[in-house]
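Thanks for sharing this one. Here are some notes to read with the structure open beside you.

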Amino acid sequence: MKKFISFVLTILILIQMVPSVIARLSDMIGINEQLAGYFIKLLFVFVLIIFFIISAAAYSNAFTLNNLKTSVSGFLYFIVLIIVLVITSRINSQPVSWRMSGYFILIVVMALSIFKYNRFTLSLSAMYWGIVVYTVPNALLGIVQYITGQSIVPIVNQNGDASVASTQLNDVSSLGILGSNGGYRAFGLFDSGMTLGLFLLLGLAVLFFGKLKINRYAKLPLGTLFIIALIMTLTRNIYFLFVLLMFLRFVNSNKMKNILFIVGIIMQAVTVEIANVLNTLTFFQSAFFGTLRARFRGLIFFENYYQQNIVSYLFGKGYQYDAIVKSFTENTVDNQMLATFLDIGIIGLVVVYLYFWKSMRSTYQPVSLVLQNMLVIFSFFGIANNHIVFFSGILLLMLLSKDSQFLKVEKIKRKTNG
C-alpha cells in the first residue's frame, strides 16, 4: 500500500513540475485548465496527508519527541519566502495567488522542512518507477513528433495562443546537422524540447544512480530510448547537461559536487554580467549560435528595461507575471539567477539559492544520488535557462525520501532487538 501511495504521489509531483502538462491534458479532454490545476493540487495535498498517516503508523517507533522538534532555519526559510512573495505581489499590483501558485511546490517543500525529521518516507523504488513510468510515454511521443513532423498533441490552448515553444527544424535555432523535415523537435506533452530533456535526464539519472530493481536487459532498452529522445530534442543545453550527468558517474565526493554546484552558480552570475561582451564576440556570430545570441540579447534587454530602485532591488519586479512586457517583446530571461532576481528581488534570490545549496549538500540523512545529482545539474542548467518549478519538484522528492534509508535501518534494528 505504501509503495502504491508513493508511486501516485511521485506522479502528482511530476505533473506539477511542468504546469503546461495540466494545460495540455485539459485541452485534450475539453475541461477548464484552471479547475484542472486546482484539482491536481487538492489531490496532491490529500494524497500527501494519507501518505503521512501511513508513514507515521509504519514507523512510529523510529521517532522520539526530540526528533519531532521544529527547525528554526526551516521556519525562517519558509516565513521569509512567504513575506517576499506577498510584498512582491503588492508593489507590482499582482494578485498574491499568482505568486503563491508560481512557487507552490517550493512553498510546500519549505513548510515541510520546518520539522527536523519528518515521517514522510517516500519509497525510493516506488519513486524511481514513478519517474520511469512518467518519462517513457513522453519519450516515445517525442520520438514520434520528431520522426513524423507532427505535434500529435494540441499546441494551441483554449484561448488560441501557442502553448509550445518547440521550433521548426528548419529554424536557425535548430541543429540543422541533424536533419530537417519541416517538423518539430521532440517535446512530448511539455512546452518545449528543453523541458522534455529535463525529464529524460531525470529518467537517465534513475537508471544510472537509482539502483532500480530491473533486469539489466530491460535497463539497456530504456536507457537507449531516453538517449534517442534526448537527441531528438535538439537542445544543446540538454546535450551539455547529459555530458555533465555522465561525468557525475565518476564523482563520488560530496566535496567535489559542492564545488561543481558553486561553479555553476558563479557561471550564472558571470553570464549576466558579460552578456553584452559575449553577444558581440566573433565566435558566436554564426547561425549555429543564433539561439545563444538571442539569450544574450534577452539578458541585455531586461537588464536595461527594468530600472532598479531600492524596493524593486530587494523584492523584484514580478517578472514571471509581467504580461505588459511579454506583450511587446519576444525576449526572455534565459538565466535562472537573473529571472529569479527580476521576479522576487535579491532577498528572494538569496533565500531560494541558499535553500537549494543547503538541500544539495545536506548529509545528516542519506539522500538519493539521483536527486542530489539533479541539483548539481540545476546550477549549470540555470546558466542559459530558467525552470524553478521543475527543480523545486526535485527538492520535494528529495525531502520526502530523505529519511527512507534511515528508517529502514531503524526498522531492522527494532526487529533485531525485539
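Are Tyr 134 and Phe 190 buried or exposed? Both Tyr 134 and Phe 190 are buried. Please keep in mind throughout that this is a predicted model.

1. **Overall make-up.** The protein has 19 helices and 0 strands. Of its 418 residues, 55% are buried. Among the contacts with a separation of 6 or more, 78% join residues that are 24 or more positions apart. The accessible surface comes to about 19000 Å², and carbon and sulfur atoms hold 66% of that area.

2. **The main core.** The largest nonpolar core contains 118 residues. Those with the most contacts inside it include Leu 9, Leu 14, Phe 44 and Phe 356, and Phe 391, Ile 394 and Leu 396 belong to that group as well. Helix H16, residues 336–361, gives the most to this core, with 13 residues. A second, separate core has 6 residues, among them Leu 141, Tyr 184, Phe 187 and Leu 189.

3. **Two core residues worth a click.** Start with Leu 14, which is found in helix H1 (residues 2–16). Leu 14 has 0% relative accessibility, so it counts as buried. Leaving out residues up to four places away in sequence, Leu 14 touches Gly 130, Ile 131, Tyr 134, Phe 199, Leu 202 and Leu 397. The last of these, Leu 397, is 383 residues away from Leu 14 in sequence, yet the two C-alpha atoms are 9.3 Å apart in space. Next, look at Ile 394: with neighbours within four places in sequence set aside, Ile 394 is in contact with Met 17, Leu 202, Leu 371, Met 374 and Leu 375. Leu 202 is thus on the list for Leu 14 and on the list for Ile 394.

4. **Aromatic pairs.** The count comes to 25 aromatic pairs. Tyr 134 and Phe 190, the residues in my opening question, form a tilted pair, with 6.2 Å from centre to centre and 55° between the planes. This pair links distant parts of the chain: Tyr 134 is in helix H7 and Phe 190 in the loop between H7 and H8, 56 residues apart. For Phe 390 and Phe 391, the ring centres are 5.0 Å apart and the planes meet at 80°, so this pair is edge-to-face. Phe 390 is buried, at 0% relative accessibility, and Phe 391 is buried at 0% too.

5. **The aromatic cluster.** Both of those pairs belong to one aromatic cluster, whose members include Tyr 134, Phe 190, Phe 390 and Phe 391. Phe 199, Phe 261, Tyr 353, Phe 356, Trp 357, Phe 378 and Phe 381 are also in this cluster. Two of its members appear in the core as residues with the most contacts, namely Phe 356 and Phe 391.

6. **Salt bridges.** How many salt bridges does the structure hold? The structure holds 2. In one, the side chains of Asp 343 and Arg 99 meet at 2.6 Å, N to O. Asp 343 lies in helix H16 and Arg 99 in helix H5 (residues 96–102), so the pair ties together parts that are 244 residues apart in sequence. Asp 343 and Arg 99 are both buried. In the other, the side chains of Asp 334 and Arg 295 meet at 3.5 Å, N to O. Asp 334 is in the loop between helix H15 (323–328) and H16, while Arg 295 is in helix H13 (residues 290–305), 39 residues apart. Asp 334 and Arg 295 are buried as well.

7. **A charge over a ring.** Please also look at Lys 41, whose charged end sits over the ring of Phe 104, 5.2 Å from the ring centre.

8. **Backbone points to check.** Which residues other than glycine have a positive phi? Ile 152 is one of them, with a phi of about 70°, and it lies in the loop between helix H7 (124–148) and helix H8 (193–209). Leu 234 is another, with phi near 50°, in the loop between helix H9 (216–232) and helix H10 (236–248). Leu 234 is buried, with a relative accessible area of 1%.

Note on methods. Residues numbered from 1 in each chain as written. Heavy atoms only, no water. Core = buried A, V, L, I, M, F, W, Y, C linked by side-chain atoms within 4.5 Å. Buried < 20%, exposed > 50% of the residue type's maximum accessible area, 1.4 Å probe, protein only. Helix = DSSP H or I, 4+ residues; strand = E, 2+ residues; numbered from the N terminus. Contact = heavy atoms within 4.5 Å. Phe/Tyr/Trp six-rings, centres within 6.5 Å; stacked < 30°, edge-to-face > 60°. Lys NZ or Arg CZ within 6 Å of the ring centre and 35° of its normal. Salt bridge = Lys/Arg side-chain N within 4 Å of Asp/Glu carboxyl O. Areas by Shrake-Rupley, 256 points an atom, 1.4 Å probe, with all protein chains shown as cover.
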